[in-house]
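The exercises below ask you to work through one structure, starting from a ligand site and moving on to a sheet. Try each task before you read its solution.

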Amino acid sequence: MTHPSDTGPAPVLALKDVAKSFGAVRALRGVSLELFPGEVHALAGENGAGKSTLIKTLAGVHRPDAGRVLLDGEPVVFHGPGDARDAGIAVIYQEPTLFPDLSIAENIFMGRRPRRALGRIDHKATRAATVALMKRLGVDLDPDRPARGLSIADQQIVEIAKALSFDARVLIMDEPTAALTGSEVARLFGVVRTLREQGAAVLFISHRLEEIFEICGRVTTLRDGAWIASEPVDGMTEDDLVRRMVGRDLDELYPKQDVTPGEVALSVRRLTREGVFTDVSFEVRRGEIVGLAGLVGAGRTEVARAVFGIDRWDAGEVVVDGRPLTNGAPSTAMTAGLALVPEDRRAQGLVMDMSIERNIGLTGLRTTVKAGLMDRGAERSRALDWAVRLQVKYARIADTVNTLSGGNQQKVVLAKWLATGPKVLIVDEPTRGIDVGTKAEVHRLLSELAADGVAVLMISSDLPEILGMADRVLVMHEGRLTAEIARTEATEESVMAAATGRAAA
Amino acid sequence: MTVTTPEQAPVAEAPRGGGARLVDRVFKMRELAILAVFLVMIAVTQAGNSEFLSEQGVKDLLLNGTILVLVATGQSLVVITRNVDLSVGSTLGISAFAAGTYLHGGGDPVIAIVLAVLLGVGFGLLNGLLVSLGQVPALVVTLGTLYIIRGVDSIWVGSRQITAADLPGSFVDFGSGGVSAVPWLALIALVVLVATAYYLKHYGSGRELYALGSNPEAARLAGIPVRKRILAAYTFCGGLAGLAGAMYLARFGNVDSSTGNGYELTVVSAVVVGGVVFTGGSGSVYGAALGALLLTSINSVLPALGVSSVWGLAINGVLLLLAIAVDRIVAVRVASALKRKSAAARTAAAQTPVQAAQSSARTTVRKGDAHDA
Ligand SMILES: Nc1ncnc2c1ncn2[C@@H]1O[C@H](COP(=O)(O)OP(=O)(O)O)[C@@H](O)[C@H]1O
Ligand SMILES: [Mg+2]
């Protein structure tokens with residue numbers, strides 16, 4: 001444990017021996033943390049390690065069961081998020097917390113708006129301040145449009161703008177970069193550096209280790225709710241950090257098995273959805289993992305949705321195991337053996353207030369219904385089976401899904417679809433926002449499924465993941481398939497060239 | 001392999017963009033649509049019966065609408081916070097009788113009105129406390145208070161009745177008088193309406209009502225005093241129901257233990273027809289007021305056209321379903337328009353190749369793992 005507490009300035013914000021439990025789950029046990037002015041401090045740990053809980057304790061959302069929160073060295077009790085904010089603590093939570101009906105400007109300044117005479121809101125000043133913030137972040141979002149319908153990345157940007165909108169002494173960010181593109185992250189880091197120079201303390205969570213090494217001075221690691229270490233980042237290697245987080249040396253991150261592809265399982269022919277994607281044709285064979293690469297917005301998710309029948313297509317054909325699918329009918333796609341693990345698990349993959357077992361059971365309703373009644377026993381045993389196979393970390397299988405950490409939620413989504421025994425599995429950004437340990441597990445699982453003869457189509461913006469896992473790489477650019485690259489020829493350069501439309505495919 | 005240089009992409013000054021205009025337009029349209037339906041209905045009736053828009057006719061139209069407009073205004077605030085107050089009918093009834101009893105005993109009209117409002121405020125506070133403290137849906141809680149207040153009212157009132165003869169002349173005159181065709185009561189309702197609309201748009205706490213109806217969890221995280229706001233909305237709603245009770249007394253002069261029975265359903269219909277979304281977060285009190293006006297005038301239009309008034313209820317129902325259907329369709333359209341807009345913006349933003357290469361570089365996780373094929 002090395003920190004400059006004896007010499008330099010006092011910590012602005014600190015936790016001392018904090019414990020917090022949710023029922024039987026001990027999310028934090030005896031965790032201490034000190035944030036100094038002018039430092040960017042990383043918080044590392046696997047999914048479920050307690051990072052978000054720690055942040056919510058600092059933000060006044062949770063009250064610690066034991067231990068203290070110290071502000072400028074003095075013990076404080078935050079009675080709610082408002083108290084923490086008034087103390088100068090800005091928080092970007094892991095899940096966006098926007099008001100869909102209100103404008104972006106209102107979202108940013110909710111609760112702290114510029115005022116005119118008689119306490120009225122100064123709408124003009126609010127708007128101008130929003131425009132200035134957007135400029136500072138280098139994005140082009142209309143301050144007057146409502147937050148409804150914003151992409152996850154744009155929601156995240158609004159969250160960041162919200163946190164920057166007041167002169168915070170402490171900025172806390174829970175995985176702010178999970179959905180952002182490279183240039184957006186670079187801009188965010190520029191802003192973070194400025195804040196650091198102005199003397200703010202920044203607490204930063206990310207599963208992208210290289211981001212931690214890039215911007216953070218010190219790192220605190222948590223494992224299973226326990227404090228493991230607080231140390232300077234300098235002199236550490238990524239492997240050191242992973243070992244702290246996981247508690248062991250990590251197996252291979254891309255455990256791809258060699259498989260000889262079987263017959264064609266999924267065949268997409270000249271699929272077109274006007275204005276979204278055009279003339280998309282490809283095949284996925286049994287046992288194959290086909291990567292679908294491209295920039296965010298290239299139309300990959302939209303193709304997956306159309307193939308699965310969520311959106312209608314305007315022309316073309318989708319054939320599974322030799323049988324054409326009906327346009328716009330997810331139920332026939334499911335019957336044909338297709339499964340889709342969506343990108344936005346909160347909105348599309350899970351019923352957050354329902355139990356883990358019911359969520360896993362949702363897709364199998366037809367097989368676990370007996371004489372019109374649900375067979376709860378069958379549902380439970382099937383859910384347990386998959387939860388165990390995927391090593392989901394939960395207290396009880398009857399707990400609601402929203403109590404799980406992000407990586408475990410993703411496993412539940414996977415379990416839900418794997419429980420249908422699919423022939424063709426489409427996964428959209430399967431490891432976004434997931435820690436390295438869980439990521440390796442998901443990769444192992446995909447590889448095993450392929451080895452069992454499942455045809456896998458993997459959409460991913462994580463290039464190393466595509467290169468490490470795919471037998472073949474398809475690349476999309478502006479709604480068209482621009483390249484098909486064999487595993488042996490796929491490199492970052494060849495894929496990116498096609499993704500940006502620079503290659504003669 | 002990490003990126004450190006934030007490159008300077010040209011950033012356009014954010015224009016007052018299509019998204020907001022689109023939504024603005026939809027909501028203005030929503031209110032304009034009700035206004036149009038209302039005006040067409042009046043015009044048709046006038047064409048069929050030229051007596052309809054006489055001075056007395058207009059006055060009746062406004063008087064009938066006034067009380068519903070008041071209660072609907074209060075109800076809108078509650079519905080905007082993703083709650084509902086079903087006890088407004090009972091509150092209206094008991095405040096009307098209380099004010100009547102007080103006046104019958106020789107009380108002052110102004111104090112009688114204040115008394116009715118205070119009584120309503122009291123019941124509003126009760127509702128607000130129960131809803132904001134208990135983790136029970138507002139629908140159930142206020143259904144409970146609906147019966148409790150009605151029960152208390154019945155026990156207290158029994159078979160008694162207040163009639164116009166029990167009331168001072170000045171109070172009755174206030175109920176029927178006005179500036180030419182515009183009754184005093186309508187003016188009061190208008191003032192309340194405009195003030196409420198202004199408050200909702202221009203005050204932080206007003207916007208917070210929308211925020212907490214739009215996403216309650218986010219409201220909590222934003223430090224909005226959720227309980228306090230809900231309590232305030234219910235109190236305001238109760239107060240207006242009380243005021244409406246006093247007005248009911250002034251207008252009709254006739255109150256018994258069943259006054260306001262079933263009124264809550266009319267109020268909720270008016271609010272929903274007026275475009276206040278039942279799941280909270282959006283809608284305006286002007287819309288609700290127009291909805292109230294529309295629903296009440298149907299009851300005047302039918303007799304004027306010689307149609308049996310039994311059709312009134314069925315027509316109300318059809319309007320309600322129509323309103324919900326239209327809202328649903330519009331919401332889906334707007335949502336997909338907004339999605340398209342944001343997708344377009346992103347594609348445009350993601351175009352520069354440099355940027356793309358950077359995004360690839362950034363995602364390298366562990367050296368040496370990627371190319372183990
Ligand atoms: N509100 C809650 N109710 C019950 N359990 C919770 C709640 N919040 C978090 N947990 C549990 O606490 C543990 C830590 O979760 P979290 O802090 O979200 O981890 P991290 O952010 O590091 O992924 C997990 O096991 C999670 O399931
Ligand atoms: Mg977390």
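**Exercise 1: the surroundings of ligand 1**

An oxygen atom of ligand 1 lies 2.5 Å from an N or O atom in the side chain of Thr53(A), which makes a polar contact (a pair of N or O atoms within 3.5 Å). The model is predicted, and local features need pLDDT of at least 70 and side-chain atom pairs pLDDT 80 or more, whereas totals for chains, interfaces and linings use all residues. Side-chain values use heavy atoms without hydrogens or water, residues are numbered from 1 along each chain as its sequence is written, and chains are lettered from A and ligands numbered from 1 in the order in which they are written.

Task: describe the shell around ligand 1, and find how much of the ligand the protein buries.

Solution. Begin with the polar contacts: besides Thr53(A), the side chain of Ser52(A) has an N or O atom 2.7 Å from an oxygen atom of ligand 1, and a polar backbone atom of Ala49(A) is 3.2 Å from an oxygen atom of the ligand. Taken alone, ligand 1 exposes 560 Å², of which the protein buries 80% (accessible areas by the Shrake-Rupley method with a 1.4 Å probe).

Next, take the shell as a whole: 14 residues surround ligand 1, and among those that come nearest are Gly48(A), Lys51(A) and Thr403(A) (a residue is near if one of its heavy atoms lies within 4 Å). By class, the shell has five nonpolar, seven polar and two charged residues.

Finally, look at the elements: β2 (25-35) and α1 (51-58) of chain A each supply at least two shell residues, and α1(A) gives the most, with three (helices are DSSP runs of H or I with at least four residues, strands runs of E with at least two).

**Exercise 2: a four-stranded sheet**

Task: which strands of the open sheet stand at the edges?

Solution. First write the order, which is β12-β11-β14-β15 (chain A) with antiparallel pairing (two strands pair if DSSP finds at least two bridges between them). β12 (277-285) and β15 (323-324) of chain A each have a single partner strand, so they stand at the edges with one side lacking a neighbour in the sheet.

Then follow the bridges: five join β11 (residues 264-273) to β14 (residues 315-320) of chain A, where Ser267(A) has Val319(A) as its partner and Val268(A) stands opposite Val318(A). Val319(A) is also the bridge partner of Pro324(A) in β15(A).

Conventions:
A polar contact is a pair of N or O atoms within 3.5 Å; within protein, one must be able to donate a hydrogen and the other to accept it, and residues adjacent in sequence count only if both atoms are side-chain atoms. Ala, Val, Leu, Ile, Met, Phe, Trp, Tyr, Cys and Pro count as nonpolar, Asp, Glu, Lys and Arg as charged, and the others, Gly among them, as polar.
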